[in-house]
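Trainee: Could you take me through one part of this model up close? I'd like to zoom in on a single helix and then see how it sits in the rest of the fold.

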Amino acid sequence: MRFDQELIASMVAPHSRVLDIGCGDGSLIGYLSREKDCDAQGLELDMKAVTQSVAHGLPVMHGDADDMLADYPDGTFDYVVLQRTLQAVDCPRDVLRHMLRIGRSALVSFPNFGHWRLRWHLLRTGRMPMTSVWPTPWYETPNIHPCTIYDFFALCEEDGYEVCKWMVVNGNRQSRLAGASPHLANLFGEQGLFLLRRKR
């Protein structure tokens with residue numbers, strides 16, 4: 001698993017019901033099923049990744065989060081995970097709303113477009129940046145809603161989501177310095193990772 005997936009797994013309680021949206025090859029749900037005895041299933045748009053997951057015995061359905069989440073009943077899951085996919089869905093706000101309707105908690109990770117290297121690249125070259133987190137040119141990228149860590153905090157406040165825990169991931173490590181404050185996170189964090197619940 002990627003390092004951010006290991007952090008997500010560490011926040012999931014054993015024996016939980018989990019839906020992983022944009023689960024890719026199913027690494028996370030496979031780990032949660034084996035190591036934490038979770039009832040974990042995935043939803044993935046890429047048919048090749050779905051076929052690979054199913055071939056490994058993982059319960060992954062082919063589908064689009066923008067369309068399919070509305071079909072799940074309220075409170076179906078303990079955790080709904082959206083890993084590195086928020087910026088690629090058509091309606092991020094609606095997807096988050098459904099995640100916290102069908103799940104008690106949501107775990108969301110996304111690349112931070114406010115990182116200083118991206119800002120510097122735009123300022124210096126006037127062109128859209130490409131990095132290990134943003135690896136495709138602008139005309140091919142699935143990332144149609146890039147956001148910053150500040151943007152995400154603001155959306156959570158507007159829509160009444162409690163940020164129970166948040167952290168910053170830089171490459172294969174958790175950044176304690178960037179995680180010290182939202183301002184530092186927005187400037188120095190490559191990825192944000194949030195555990196959310198609805199405010200009561």
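Mentor: Let's start with the overall picture, then go to helix α2 and work outwards from there.

Keep in mind that this is a predicted model. The protein has 8 helices and 8 strands. Its C-alpha trace spans about 45 × 40 × 30 Å along the principal axes. For 200 residues, a compact globule would have a radius of gyration near 16 Å, and the protein has 16 Å, so the two agree. Of those 200 residues, 46% count as buried. If you take the contacts between residues at least 6 apart in sequence, 65% of them join residues at least 24 apart. As for the outside, about 10,200 Å² is exposed, with carbon and sulfur atoms supplying 53% of it.

Now the helix itself. α2 runs over residues 27–36, and its buried residues are Leu-28, Ile-29, Gly-30, Leu-32 and Lys-36. Bear in mind the usual helix geometry: with 3.6 residues a turn, residues three or four places apart point the same way. Leu-28 and Lys-36 are both on the buried list, as is Leu-32. What do the buried residues of α2 pack against? One helix and four strands turn up: α1 (3–10), then β1 (17–21), β2, β3 (60–62) and β4 (77–83).

Tyr-31 also sits in α2, but it is missing from the buried set. Its relative accessibility is 27%, so Tyr-31 counts as partly exposed, since buried would need under 20%. Setting aside neighbours within four places in sequence, Tyr-31 is in contact with Met-1, Ala-9 and Lys-36. Take Met-1: it is 30 residues from Tyr-31 in sequence, yet their C-alpha atoms are 8.4 Å apart. Lys-36, another of those contacts, is itself one of the buried residues of α2. Just after the helix, Asp-37 takes a positive phi of about 55°.

Ala-9 takes us over to the partner helix. It is on the buried list of α1, along with Asp-4, Gln-5, Leu-7 and Ile-8. The cover over those residues includes α2 and β4, plus β5 (103–111), β6 (161–170), β7 (173–174) and β8 (191–198). So α2 appears in the cover of α1, and α1 appears among the elements that the buried residues of α2 pack against. β4 is on both lists too.

Follow the chain on from α1 and you reach the loop leading to β1, where His-15 is found. His-15 has a positive phi, near 65°, without being a glycine. At 59% relative accessible area, His-15 is exposed.

From β4, the loop towards α5 (92–102) holds Arg-84. Arg-84 is another non-glycine residue with positive phi, here near 55°. Its relative accessible area is 31%, which makes Arg-84 partly exposed.

Arg-84 also brings us to the largest pocket, where it is among the residues nearest the centre, together with Thr-85, Gln-87, Ala-88 and Pro-142. The volume of that pocket is about 550 Å³, and 25 residues line it. By class, the lining has 11 nonpolar, 8 polar and 6 charged residues. β2 (39–44) and α4 (65–68) each supply at least two of the lining residues. That closes the loop with our helix, as β2 is also one of the strands the buried residues of α2 pack against.

Definitions and conventions. Residues are numbered from 1 along each chain as its sequence is written. This is a predicted model: local features need pLDDT of at least 70, side-chain atom pairs count only at pLDDT 80 or more; totals for chains, interfaces and linings use all residues. Side-chain values use heavy atoms; hydrogens and water are left out. On a 1 Å grid over the protein atoms alone, a cavity is a set of points where a 1.4 Å probe fits but cannot get out, and a pocket is an open set with protein on both sides within 12 Å along at least five of seven lines; lining residues have an atom within 4 Å of a point. Grid points are joined across faces, edges and corners, and a volume is the space filled by probe spheres set on the points. Ala, Val, Leu, Ile, Met, Phe, Trp, Tyr, Cys and Pro count as nonpolar, Asp, Glu, Lys and Arg as charged, and the others, Gly among them, as polar. Buried means under 20% relative accessible area, exposed over 50%, partly exposed in between (1.4 Å probe, protein chains only). Contact means heavy atoms within 4.5 Å. The radius of gyration is taken over C-alpha atoms; the globule rule is 2.2 Å times the number of residues to the power 0.38. Accessible areas come from the Shrake-Rupley method with a 1.4 Å probe; for residues, only the protein chains shown count as cover.
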